[in-house]
Amino acid sequence: MTATPASADPRQACAGELAEHGPSWLARAFLAVDRTRFVPGRVWLPEPGSDGLFPVLDREQDPDAWQAAVYELRRPLITQMDDHRTPSEGPARGRFTSSISALRVVAAQLAHLDLHPGHTVLHIGTGTGYDSALMAERTRAHKILTIETDRQLAGTARRNLDASGYGQVRAAVGDGELGWPEGAPYDRVLSTASATRVPPAWIAQTVPGGIIVTPYRGLALLRLAVADDGKSASGPVVDAVAFMALRGRRGGEAPDIRAVIKAQLADAEKSRTDADLSPVRSELGAEFLLHALVPGIRIVFGGTTWWFEARDAASWAAWKPDGRVRQWGPRRLVDEAVLAVAAWRDAGAPALTDLGVTVGAGGECVWAHGPGGPAWPVRDA
Ligand SMILES: C[S@@+](CC[C@H](N)C(=O)[O-])C[C@H]1O[C@@H](n2cnc3c(N)ncnc32)[C@H](O)[C@@H]1O
């Protein structure tokens with residue numbers, strides 16, 4: 001093998017890395033599908049600059065930096081902010097509402113999907129259309145159906161796919177949580193937006209033995225196998241991934257309740273706890289279980305105080321490592337977090353990938369150390 005300097009051809013270098021990190025076919029598909037056709041000419045980088053704004057990369061103004069970013073393994077590129085309300089004309093602050101996923105994440109998702117030639121695939125969260133094109137390269141069966149909720153993004157993806165020779169991929173505008181019944185049954189379902197619950201339609205539209213890969217609760221990648229009854233599915237968390245939520249599950253703009261907390265601070269109920277909540281920050285398994293068992297919780301880690309907020313902003317709590325607690329509103333969020341962390345400890349402090357999910361007639365539950373291990377019903381976010 002002759003070594004090529006990594007800088008000589010970023011696309012080849014990237015293919016080399018994907019051959020190490022992804023399924024064996026991915027590097028070939030990556031070389032066949034030109035990623036530069038799918039990345040918009042202007043994208044935001046996902047890390048803010050010192051001014052707090054997300055910088056823009058412009059293909060025309062800085063083609064080398066733009067191209068280097070396109071072939072970076074670990075960084076997604078933000079393609080839409082605030083549902084189009086923020087123009088990509090310059091650095092901005094806003095909520096990420098679409099991106100082209102990082103190649104490392106694409107590789108992990110496709111590895112776990114175990115895709116084979118001839119498979120029929122339902123893809124939720126088309127975005128730029130890039131994942132669909134890669135999957136079309138692999139399946140060669142012309143049965144990739146992809147759904148995007150945002151009409152404008154779906155239109156761009158359609159054009160990207162057509163211009164790249166993937167006109168056979170079927171693309172629709174709609175709510176991917178409902179699946180695409182007309183194309184069912186599917187051998188594989190891939191979601192590239194995060195679910196808070198596994199939508200029943202995905203299970204119903206997948207063949208028994210089929211596989212569903214989806215980000216879950218914003219931090220875990222789930223791989224579920226559909227059971228022989230075709231109505232239930234179960235499987236482990238296979239990786240840690242950060243993904244934006246499915247629209248409809250985003251819960252609206254997160255209200256900034258800092259001012260509310262300030263006004264209520266003196267009146268909040270004071271107490272103490274001996275419980276150590278620190279695993280919520282240091283252990284992904286504990287963080288995952290907390291988000292599965294405490295509905296709608298948001299945590300802001302301050303220097304000396306951790307703030308727990310309910311998504312509806314009606315309840316909040318503050319916890320300090322020395323045990324001081326303040327709680328306000330109808331819910332006692334620190335008490336709920338203490339129970340979730342205790343459940344995690346009692347289960348033997350499972351790592352993220354020791355956890356998994358089963359969905360069936362009895363609802364949805366999270367388990368540790370296999371479906372026969374300790375299990376807890378998932379609460380709605
Ligand atoms: C992280 S982006 C996926 C990008 C795609 N993997 C790519 O690399 O181009 C998530 C996409 O899911 C879409 N989405 C969110 N909720 C959806 C839903 N309920 N149905 C279909 N698409 C949805 C968003 O609009 C967004 O474009």
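Q: How many residues of the shell around the ligand are nonpolar, how many polar and how many charged?
A: The model is predicted, so local features need pLDDT of at least 70 and side-chain atom pairs pLDDT 80 or more, while totals for chains, interfaces and linings use all residues. Residues are numbered from 1 along each chain as its sequence is written, and side-chain values use heavy atoms, without hydrogens and water. Ala, Val, Leu, Ile, Met, Phe, Trp, Tyr, Cys and Pro count as nonpolar, Asp, Glu, Lys and Arg as charged, and the others, Gly among them, as polar. The shell holds six nonpolar, 12 polar and four charged residues.

Q: How many residues surround the ligand?
A: A residue belongs to this group if one of its heavy atoms lies within 4 Å of the ligand. The closest are Ser98, Thr128, Asp131, Glu148 and Arg247. The number of residues surrounding the ligand is 22.

Q: Which strand gives the largest share of the shell around the ligand?
A: Strands here are DSSP E runs of at least two residues, and helices are H or I runs of at least four, numbered from the N terminus. Both β4 and β6 (144-148) supply at least two residues of the shell. The largest share is four residues, and the strand that gives them is β4.

Q: Is serine 98 buried or exposed?
A: Serine 98 lies in strand β4, residues 96-100. Setting aside residues up to four places away in sequence, it touches (heavy atoms within 4.5 Å) Ile78, Thr79, Gln80, Gly127, Leu153 and Met244. Buried means under 20% relative accessible area, exposed over 50%, and partly exposed in between, with a 1.4 Å probe and protein chains only. Because its relative accessible area is 6%, serine 98 is buried.

Q: Is glutamate 60 buried or exposed?
A: Glutamate 60 sits in the loop between β2 (56-58) and α3 (63-70). Its C-alpha atom is separated by 8.7 Å from that of arginine 42, 18 residues apart along the chain. Because its relative accessibility is 75%, glutamate 60 counts as exposed.

Q: What distance separates a backbone N or O atom of arginine 247 from a nitrogen atom of the ligand?
A: On the side-chain side, an N or O atom of aspartate 175 is 2.9 Å from a nitrogen atom of the ligand. A backbone N or O atom of serine 101 lies 3.0 Å from an oxygen atom of the ligand. For the backbone atom of arginine 247 and a ligand nitrogen atom, the distance is 2.7 Å.

Q: Which domains does the ligand lie between?
A: An automatic or database assignment sets the domain bounds. The protein chain is divided into domain 1 (10-100), domain 2 (105-240) and domain 3 (254-381). Over C-alpha atoms, the centres of domain 1 and domain 3 are separated by 33 Å. Two domains both give residues to the shell, so the ligand lies between domain 1 and domain 2.

Conventions:
Polar contact = N/O pair within 3.5 Å; in protein donor to acceptor, adjacent residues only side chain to side chain.
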